[in-house]
Structure formats: C-alpha cells, structure tokens
Amino acid sequence: MGKRVWMALLLSVVLLTTAALSGCGNGSSEKTKVTIGEVTRSLFYAPQYVALAKGFFKDEGLDVELTTTAGGDKTMTALLSGVIDVALVGSETSIYVYQQGADDPVINFAQLTQTDGTFLVARKADDGFDWNKLKGTVFLGQRKGGMPQMAGEFALKKHGIDPHNDLELIQNIDFANISAAYASGTGEYVQLFEPTASIFEKEGKGHVVASFGVESGHLPYTVFMTKQSFIKKNKTTVQKFTNAVHKAQLWVAENNAETIADAVLPYFDNVDRDILISSIDRYKQQGSYASDPIIDEAEWNNLLDVMTTAGELKARTEHKAIVDNTFAEKSIESVK
C-alpha cells in the first residue's frame, strides 16, 4: 500500500512538472514574432520605442524585433523581399511601389508621426534667421524622392526659394552619412533629424535655425506599413500591433519629455539624457507625434501636394487605394 502511495505521488509530481513545462512552452509559442524595419534610429519615433520599452507589444502577445534599415529605399526593399514584416518609413515609398503596378501593394495601416522631422541646421547660431539667407549657399540635402527632401523643397518654395536654382544643392550623399559629411565641412546648411541636431548644437558643430516640420504642415510622414498579402494572412497580428502603437501614442501624450526620455534611453545608449529630453521636447512642442494611428485623408492629400511640388508623382494616388484605417479605428475603440 505504501509503495502504491509513493508511486501515485511520484506520478503526480511528474504530471505537474510536465504540465508546468508545457505551460511555459505554450506561453512562449503564443507570442507572435514580428520584425520591424525602421528607416532610421531617431527620437522622431519615440512612441515606437515606448511601445517596446513599456511592454505594450508583449501585452498584445507579440514578440517584436527591431532592426534599422537606413534609408527609405533600403527599408522598402527589405519589406518587399520579406526580410522584415512591417516597415516604419515615409508613406511616399508605398506610393512609389503602387505606381509601379505592384501585384502585392504596400498598405499603410498605422501612422506614427504627422509632420516632417528634420530641422534646418546652420554653421552659426542665427536668432534672426530669414529664409532668404539660404540663396546662393551650399545646401546639403537629403535623398531625391525621399520625404525629408520633398518636405524640405516644399518649405523652401513656400518662402520663394527654388532649391535647384537658388542653392548649390548636394544630394549624392547616402542618408546614413549626411550628418558625418556636414560635420566634416560639407555644406553651409543641412537638414537633420533629432537627436543629431541637438548633438551638433551641444558640440558646436551646428545650430538649429528653423523647423521643416512646422513649415510643411501635417502629413502622414512616418507610417507603419506592410504588404497586402501579409495583412490578409495576419489580420489579428496587425490589429494587436496597432493596439500597442496606440497605447504608446497615448502614453507619450500623457507624459513629459523627461519621463519619455527615461523610457526610450535603452535605444539611445550613446546619447546623453539631456539631449534626449531636448529632442523629444522639440517634437512634442511642434506636434510631430500623431495622437492616434489613423491616416487622415486631408493629411494624405497634403502629402500628395508635397510630392507633386517636388515633381515625384506620376498621378495622385487615392487615399483608399493603399490606406487601411480599419485597424487604427478598432484600436481606438479597444484602448477606450
């Protein structure tokens, strides 16, 4: 009888241990892996890092891997080739793919930023800056056809400056090397994202004199997007992803720059905390972070205007053609 009791107890332990191990295995297998390719590492994308740091993706059952694919062209290539699942990049890239007649178009499903994220940086501080001072200068611009360059040209033309005739415009430097080129002496003015702009100010390499985000208005500047085929096969995953993004957007809206900086610090371990704070504050002050993931049609039309002004559109791509707001709309209801 004693032997039977011990055998029963031993069997119970084995069963409980197996169940526990099985439970651990099921817990990890339930996490759906999603790989994001971000066009650059910038505090412009603070809500994305908040979603990672605060566990909002994990709360939705997602195991998100983040990789930086410098430049819009490289990011889109990674998405189309299946190296990444979701791209965080300018909406203009999805328009280019659509206009090429893609069988599997890229769909914009969650907006992250709603203004341009670059600042005009000069060699010297200029509190009384006037845009006309740019005429006749050497301007280190961004990649032709990319959102920073198009938004920059839109702002320049708004102030009566023809970027291709009134400036000596340099556009042959790779996106990842623009800041290094300026630091080494190329150009009198340059467009820079944060935190690079603030770092340059601190090191005396340049000074922010204007914001292209303020000048170019609201537009779907940086958006999470993926292939139409991925959405059809993974609607639940895309919904969970969008829910996490919206939670992060609300968290960023509710907290100050110092608190946000502390949350995203692990993603900028080579940047001083005070630089993080000033960069985030700049973006918050000018309303760069979208308050929700919806890609507004009016903002989309402003994007098309910017692209038309830059001469980069074959035809205006309708909002409904490559924008799907259903996940964003559901996320708003879900988070409520």
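This is a walk through a predicted model, one selection at a time.

**The whole chain**

Start zoomed out. The C-alpha trace spans about 100 × 45 × 35 Å along its principal axes. Switch on the cartoon and you should be looking at 16 helices and 10 strands. Buried residues account for 52% of the 336 residues in the chain. Of the contacts between residues at least 6 apart in sequence, 81% join residues at least 24 apart.

Now colour by confidence. The chain averages a pLDDT of 90, and 91% of the residues score at least 70. Then select residues 1–28: pLDDT stays under 50 there, and the model gives this stretch zero contacts beyond four places in sequence. Where pLDDT is low, the predicted coordinates should not be read in detail. Hide that stretch if it gets in your way.

**The first sheet**

Select strands E2, E1, E3, E10 and E4, in that order: they make up an open sheet of five strands with mixed pairing. At the edges are E2 (62–68) and E4 (106–113), each pairing on one side only. Neighbouring strands in this sheet are turned by 25 degrees against each other on average, direction ignored.

Next, bring up helix H11 (residues 235–254), which packs on this sheet and touches E1, E2, E3, E4 and E10 (222–227). The direction of H11 makes about 15 degrees with that of E4.

For a look at one pairing, pick E1 (residues 32–38) and E3 (residues 86–89): the two run parallel, joined by three bridges. Put labels on Glu38 and Leu88, as Glu38 stands opposite Leu88 in E3.

**Into the nonpolar core**

Stay with H11 and turn on side chains. Which residues touch the most other members of the largest nonpolar core? Show Phe57, Phe224 and Phe241, which do so in a core of 75 residues. H11 supplies the largest share of this core, seven residues.

Centre on Phe241. Beyond its neighbours within four places in sequence, Phe241 is in contact with Val34, Ile36, Phe57, Leu62, Val86, Phe109 and Phe224. There is also a second, separate core, this one of 15 residues, including Leu120, Ala122, Ile161 and Ala210. As background, nonpolar side chains tend to be buried together in soluble globular proteins.

**The second sheet**

Clear the view and select E7, E6, E8, E5 and E9, which form another open sheet of five strands in that order, again with mixed pairing. E7 (168–170) and E9 (207–211) each have a single partner strand, so one side of each is left without a neighbour in the sheet. The twist from one strand to the next averages 25 degrees.

Zoom in on E5 (residues 119–122) alongside E9: four bridges join them, and they run antiparallel. Phe119 has Ser211 as its bridge partner in E9.

**Helix H9 and Glu215**

Step along to helix H9 (residues 212–216), where Glu215 lies. Is Glu215 buried or exposed? Its relative accessibility is 17%, and the cut-off for buried is under 20%, so Glu215 counts as buried.

Show what surrounds it. Apart from neighbours within four places in sequence, Glu215 is in contact with Trp131, Ala155, Lys158 and His159. Draw a distance from the side chain of Glu215 to that of His159: this is a polar contact at 2.8 Å. For a sense of scale, Glu215 and Leu140 are 75 residues apart in sequence and 18 Å apart in space, C-alpha to C-alpha.

**Asn302 in H14**

Go on to helix H14 (residues 297–309) and pick out Asn302. Asn302 has a relative accessible area of 16% and is buried. Not counting residues up to four places away in sequence, Asn302 touches Phe154, Ser216, Gly217, His218 and Leu219. Which backbone oxygen lies 3.3 Å from a polar atom of the Asn302 side chain? That of Ser216.

**Last stop: H2**

Finish with helix H2 (residues 46–53), which is mostly covered, with seven of its eight residues buried. To see the buried ones, select Ala46, Pro47, Gln48, Tyr49, Val50, Ala51 and Leu52. Just after H2, Gly55 takes a positive phi of about 80 degrees.

Terms used:
Residues numbered from 1 in each chain as written. Heavy atoms only, no water. pLDDT = per-residue confidence, 0-100. Contact = heavy atoms within 4.5 Å. Pairing = 2+ DSSP bridges. Axes fitted to C-alpha atoms, helices over the stretch in contact; angles between N-to-C directions. Core = buried A, V, L, I, M, F, W, Y, C linked by side-chain atoms within 4.5 Å. Buried < 20%, exposed > 50% of the residue type's maximum accessible area, 1.4 Å probe, protein only. Polar contact = N/O pair within 3.5 Å; in protein donor to acceptor, adjacent residues only side chain to side chain.
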